[in-house]
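Visitor: I have a few questions about this model, if you have a moment.
Guide: With pleasure; let us look at it together.

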Amino acid sequence: MTHYVHQPSFMTGDEFSIETFSLLNPEGELYEGAEEPPLTRDHARRLYHAMLATRILDERMMAAQRQGRLSFYMQCTGEEAAVVGAAAALDDADMIMAQYREQGALMYRGFSIDEFMNQLFGNELDYGKGRQMPIHYGSRKLHYMTISSPLATQIPQATGYAYGQKLAGEGHCTLTFFGEGAASEGDFHAALNMASVHQVPVIFFCRNNGYAISTPATEQFAADGIAPRAFGYHMHVIRVDGNDALAVYEATRQARKIAVEQNQPVLIEAMSYRLAAHSSSDDPSGYRAKSEEEAWRVKDPLLRMQRWMAKKGWWSDEEEASQQESLRREVLETMKRAEKRPSPPLESLISDVYADVTPALQRQLDQLTRHIRRYPDAYPRGAKSLDLTLSSAADNQGDA
């Protein structure tokens with residue numbers, strides 16, 4: 001309904017205030033008036049185990065990158081509650097379209113340490129056949145769309161996939177993760193508008209961790225974060241404490257009900273902090289103070305969840321120590337296996353692109369093969385795939 005006024009009256013959005021939903025304080029205690037979500041002991045332990053395993057995987061693999069054993073890595077450190085808490089509220093058959101810091105969602109769904117390592121090292125067991133850089137995971141069986149590097153491309157794709165889910169009518173939804181920096185891309189706005197117009201079961205999950213690489217949120221947008229943007233698309237929205245796994249779980253659980261039962265999109269903004277660097281190529285000391293990081297370490301999402309579980313008798317210090325030791329050992333042993341596995345065979349470069357290999361692709365592979373046979377010392381991994389001896393370069397000069 002249109003309401004008319006007869007004097008000019010401008011609005012800035014300050015008339016609206018979006019509160020932050022939170023259940024647990026940093027000590028793991030429920031706030032007054034807060035109610036625990038319907039989370040069983042086994043479900044809570046599964047959720048926490050995924051958070052802990054993600055933290056340990058990240059620590060070990062960042063160390064491996066610094067040792068030169070891995071080319072690149074990105075950590076989820078500080079944001080585990082936002083990622084795993086959201087995944088835990090979904091049906092395991094719901095689609096997840098991630099950005100590049102959501103390995104915790106895969107961990108929760110059962111992606112093994114072996115599967116993580118195979119992708120990170122791009123070996124012959126990597127589902128992507130070594131074509132992607134590290135941390136670009138994907139799993140068809142776990143309904144986790146393969147990650148692509150360009151920012152925000154997964155957001156409109158999520159809307160389209162959810163439209164298909166609506167047509168299928170099987171009661172599933174899509175959740176797409178992205179950072180507040182990605183929300184500055186045009187794809188974000190196109191996706192939200194399309195989702196709202198077509199009324200599809202999609203959850204847009206924004207991890208607002210305070211920084212788009214080195215750019216603080218205060219320099220990214222003038223308004224109150226990402227959540228108010230939902231009003232422009234007439235969309236359900238909630239802002240949640242991203243370091244509170246229980247609150248994230250409950251917010252996402254309720255959002256899923258709206259998405260699936262009403263075929264309506266929902267925007268969730270999880271307020272958190274990236275405790276680690278943006279990536280292994282980044283040095284955060286150049287753009288933020290150490291004191292700022294320390295203030296957020298007090299709000300560590302793992303400690304908050306662990307303390308809540310301990311108070312309920314669902315976790316103990318002994319279990320914590322045992323799980324940490326076991327996970328660290330598993331990560332190290334699995335990494336050693338993965339980095340020794342051979343690379344994918346050279347011919348896999350052109351498979352799974354078209355139903356039948358095109359003549360153009362075959363010509364390119366033939367040219368590459370001849371080149372590697374001529375200069376095997378310059379391409380040790382390719383030469384090994386072709387069963388060439390590196391010292392045989394001179395013998396192969398005539399193959400070109």
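Guide: A residue counts as buried under 20% relative accessible area, as exposed over 50%, and as partly exposed in between. Please keep in mind that this is a predicted model.

Visitor: Thanks! Is N263 buried, exposed or partly exposed?
Guide: N263 sits in the loop between α7 (245-262) and β9 (266-271). Its relative accessibility is 25%. Because that value falls between the two cut-offs of 20% and 50%, N263 counts as partly exposed.

Visitor: And what is unusual about the backbone there, that is, what is the phi of N263?
Guide: Most residues other than glycine have a negative phi. N263 is a residue other than glycine, yet its phi is positive. The value is near 50°.

Visitor: Where does I213 lie, and what is its phi?
Guide: I213 lies in the loop between β6 (211-212) and β7 (215-216). With a relative accessible area of 43%, I213 is partly exposed. I213 is a residue other than glycine with a positive phi, near 55°.

Visitor: Is E32 buried or exposed?
Guide: E32 is found in the loop between β1 (20-21) and α1. Its relative accessibility is 84%. The cut-off for exposed is over 50%, so E32 counts as exposed.

Visitor: How far is E32 from R256?
Guide: Along the chain, E32 and R256 are 224 residues apart. In space, their C-alpha atoms are separated by 26 Å.

Visitor: Let us turn to the cysteines. How many disulfides does the structure have?
Guide: A disulfide needs two cysteine sulfur atoms within 2.5 Å. For C173, the nearest cysteine sulfur is that of C206, 18 Å away. For C206, the closest cysteine sulfur is in C76, at 14 Å, which is too far for a bond. A search of the whole structure finds 0 disulfides.

Visitor: Are C173 and C206 buried or exposed?
Guide: C173 has a relative accessible area of 0%. C206 likewise has a relative accessible area of 0%. Buried means under 20%, so C173 is buried and C206 is buried.

Visitor: Which helix gives the most to the largest nonpolar core?
Guide: Nonpolar side chains tend to be buried together in soluble globular proteins. Here the largest nonpolar core has 74 residues, and those with the most contacts inside it include M61, F205 and W308. The helix that gives the most to this core, with 11 residues, is α1 (residues 41-66).

Visitor: How many residues are in the second core?
Guide: This core is separate from the other, and F178, F204, Y233 and M235 are among its residues. Its size is 24 residues.

Visitor: Which residues does F205 touch?
Guide: F205 is one of the residues with the most contacts inside the largest nonpolar core. Leaving out residues up to four places away in sequence, F205 touches A82, A86, L175, T176, F177, F178, V248, T252, I268 and A270.

Visitor: How many residues of helix α2 are buried?
Guide: Helix α2 covers residues 80-88, and its buried residues include E80, V83 and G85. The helix is largely enclosed by the rest of the structure, because the buried count is 9 of the 9 residues.

Visitor: How far is A44 from G85?
Guide: A44 lies in helix α1 and is buried, with a relative accessible area of 0%. A44 touches L39, M305, W308, M309 and W314, not counting residues up to four places away in sequence. A44 and G85 are 41 residues apart in sequence, and their C-alpha to C-alpha distance is 9.7 Å.

Visitor: Are α5 and α6 roughly parallel or oblique?
Guide: The axes of α5 (residues 154-168) and α6 (residues 186-198) come within 7 Å and cross at roughly 20°. Residues that meet include I155, P156 and Y163 in α5 and F188, A191 and M194 in α6. The crossing is left-handed. Angles under 35 degrees count as roughly parallel, so α5 and α6 are roughly parallel.

Visitor: And how are α1 and α10 oriented: roughly parallel or oblique?
Guide: The axes of α1 and α10 (residues 317-340) come within 10 Å and cross at roughly 45°. Their crossing is right-handed. Among the residues that meet are Y48, L52 and I56 in α1 and L327, V331 and M335 in α10. Given the crossing angle, α1 and α10 are therefore oblique.

Conventions: Residues numbered from 1 in each chain as written. Predicted model: local features only at pLDDT ≥ 70, side-chain atom pairs only at ≥ 80, totals over all residues. Heavy atoms only, no water. Buried < 20%, exposed > 50% of the residue type's maximum accessible area, 1.4 Å probe, protein only. Core = buried A, V, L, I, M, F, W, Y, C linked by side-chain atoms within 4.5 Å. Helix = DSSP H or I, 4+ residues; strand = E, 2+ residues; numbered from the N terminus. Contact = heavy atoms within 4.5 Å. Axes fitted to C-alpha atoms, helices over the stretch in contact; angles between N-to-C directions. Parallel < 35°, antiparallel > 145°, perpendicular 65-115°, else oblique. Left-handed = near helix turned anticlockwise from the far one by under 90°.
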